[in-house]
Amino acid sequence: MKDLFKNPLFLKLFAAGVTSQLGNTIGNMALAFYLLDRFSSQPFYATLAELMYSAPTLLVFFLVGVFADRMDRKRICAYSDWIRAVLTAGLLGAVIAGWTPLVFLVLFLRSAIGKFFYPAQSALMQSILKPQHYTTAAGMNQMVFSLFMLFGTGLGALAYHYIGIEGAVMLDGAGFLISGLLIQSMKIDEKDRLPNGRTRWKDIGMPLIVEDFRKGIGYIWTNKLLLALITGFFMLGFINGAFAVLPMFTMKYKLAPDDYQRFSSMFSIFLGIGVFPGSLAGAWLIRKWGFIRVMVAGLLTTGLIGGAMVFTTNVWMYLAATIGIGFAIGPLNVAIGGWMPRIIDTRVRGRVNAWTDPIMMSSQSAALGLIAVLFPRYMTLEAGYVAVGVCTILTAILYTWKLPGLASDAGGWNAGREPAQGAEAEGIRPVPAPLEETR
């Protein structure tokens with residue numbers, strides 16, 4: 001970890017991600033409370049807001065990979081932040097004016113621009129770090145994610161209560177501005193910003209987009225290990241979509257209808273209480289058990305506890321179960337985040353992400369759409385939790401069945417089990433790719 005903190009490029013990119021995400025977390029949570037207060041008898045609107053964050057993936061997914069692999073990754077990150085800051089100013093105006101359709105439109109556009117940021121950022125991170133640092137960096141990212149859950153949602157509720165929705169949206173925009181400035185100040189070698197060489201804007205037409213898109217799916221399809229991991233992401237997308245709104249609805253309509261705001265924010269706090277120690281233990285567990293065992297154990301634990309939430313009868317039982325889920329999610333995400341960069345060549349990272357994001361977001365959007373249409377008239381909260389448990393356990397079964405054999409060259413169940421002695425000693429080898437074809 002000390003080596004990571006000695007890397008100024010990592011520190012700036014890491015800080016930019018933290019700043020951007022923290023502001024966005026506060027703004028999004030405050031907006032959810034605003035919509036639930038304004039349309040208390042219509043939970044459809046809160047679900048629709050969540051849908052505006054995920055659905056844009058399906059609009060731009062065929063472009064993000066081309067941009068992340070062909071254009072300057074640093075500029076993509078910085079410009080994405082600044083454009084979202086401008087759109088946030090439009091969101092503020094729409095909220096002040098009370099134009100709800102415009103609020104949803106701006107949320108949609110802002111989310112669409114954000115889809116260009118994350119593939120470029122993850123590819124930059126992969127380029128500026130050594131392979132033996134991927135797992136540690138993934139653990140740090142997961143720890144910060146847990147801090148967002150501990151404090152971000154609570155701060156969103158506090159911001160909404162004390163400075164109003166307008167102030168919360170302004171904090172959101174400030175986060176994007178600071179993130180963009182941090183990224184712009186980074187001095188990154190051209191080979192890391194443009195691993196495939198320079199591409200002129202006039203060369204990016206539909207033929208190039210289609211060809212790169214085809215090569216992205218070809219890279220995934222010929223790498224069966226990567227394909228199995230991404231198949232699991234599709235099922236995990238349903239879980240993410242459900243948990244984006246189920247806790248808030250559970251508090252408002254079942255466990256704490258008179259104090260749902262406080263307990264909704266406490267859900268994220270308790271989840272973070274579990275994720276933080278789980279993330280701290282993630283790298284150690286991977287060295288002891290390997291990537292696959294950590295992932296399967298995390299999925300099984302999450303599925304069993306998530307399904308058991310159907311039996312909770314009071315807030316504190318629910319929050320106690322949430323801690324257990326958080327502790328299981330921490331190592332799971334560290335394992336995924338530490339393994340993926342090692343099996344994807346940095347020159348095609350954007351094109352692979354162009355497929356992984358829409359696969360997960362399509363199922364997440366489907367889950368949110370189903371909840372918006374079915375809840376509460378045709379679907380109960382209990383049915384939602386049972387579905388979460390079933391999807392998670394099925395993903396664990398898929399990984400148990402497929403991953404050990406597909407990772408046999410990297411040690412099978414023991415992939416990543418030994419302490420880092422370079423990429424080969426960790427039982428992880430970069431996946432061969434048709435690099436000449438991806439240029």
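The exercises below concern a predicted model.

**Exercise 1. Helix length**

Task: Which span should helix H13 have at 1.5 Å a residue, and what is the distance between its end C-alpha atoms?

Solution:
- Step 1. Helix H13 covers residues 291–308, which makes 18 residues.
- Step 2. The expected span is 1.5 Å times one less than the number of residues, so H13 should span 26 Å.
- Step 3. The end C-alpha atoms of H13 are 26 Å apart, which agrees.
- Step 4. As for burial, the buried residues of H13 include Phe291, Ile292, Val294 and Met295. Gly298, Gly303, Gly306 and Gly307 are also among them.

**Exercise 2. Two salt bridges and their surroundings**

Task: Are Arg193 and Asp72 buried or exposed, and which parts of the chain does the pair link?

Solution:
- Step 1. Arg193 and Asp72 form a salt bridge, with 2.4 Å between the closest N and O atoms.
- Step 2. Buried means under 20% relative accessible area. Arg193 has 14%, so Arg193 counts as buried. Asp72 has 11%, so Asp72 is buried too.
- Step 3. Arg193 lies in helix H9, and Asp72 in the loop between helices H4 and H5. The two are 121 residues apart, and the pair links distant parts of the chain.

Task: Where in the chain are Asp172 and Arg110, and what are the relative accessible areas of Asp172 and Arg110?

Solution:
- Step 1. A salt bridge joins Asp172 to Arg110, the closest N and O atoms being 2.9 Å apart.
- Step 2. Asp172 belongs to helix H8 and Arg110 to helix H6, 62 residues apart.
- Step 3. The relative accessible area is 2% for Asp172, which is therefore buried. For Arg110 the value is 5%, so Arg110 is buried as well.

**Exercise 3. A cavity and a salt bridge**

Task: Which residues line the second largest cavity, and which helix gives the most to the lining?

Solution:
- Step 1. The second largest cavity has a volume of about 30 Å³.
- Step 2. Its lining consists of Thr250, Lys254, Met309, Val310, Leu381, Glu382 and Tyr385.
- Step 3. By type, the lining has 4 nonpolar, 1 polar and 2 charged residues.
- Step 4. Helices H11 and H16 each supply at least two lining residues. H16 gives the most, with 3.
- Step 5. Two of the lining residues, Lys254 and Glu382, meet in a salt bridge of 3.3 Å, N to O. Lys254 is in H11 and Glu382 in H16, 128 residues apart.
- Step 6. At 33% relative accessible area, Lys254 is partly exposed. Glu382, at 30%, is partly exposed too.

Methods
Residues numbered from 1 in each chain as written. Predicted model: local features only at pLDDT ≥ 70, side-chain atom pairs only at ≥ 80, totals over all residues. Heavy atoms only, no water. 1 Å grid on protein atoms, 1.4 Å probe; cavity = no way out; pocket = protein on both sides within 12 Å on 5 of 7 lines; lining within 4 Å. Points joined across faces, edges and corners; volume = space filled by probe spheres on them. Helix = DSSP H or I, 4+ residues; strand = E, 2+ residues; numbered from the N terminus. Nonpolar A, V, L, I, M, F, W, Y, C, P; charged D, E, K, R; others polar. Buried < 20%, exposed > 50% of the residue type's maximum accessible area, 1.4 Å probe, protein only. Salt bridge = Lys/Arg side-chain N within 4 Å of Asp/Glu carboxyl O.
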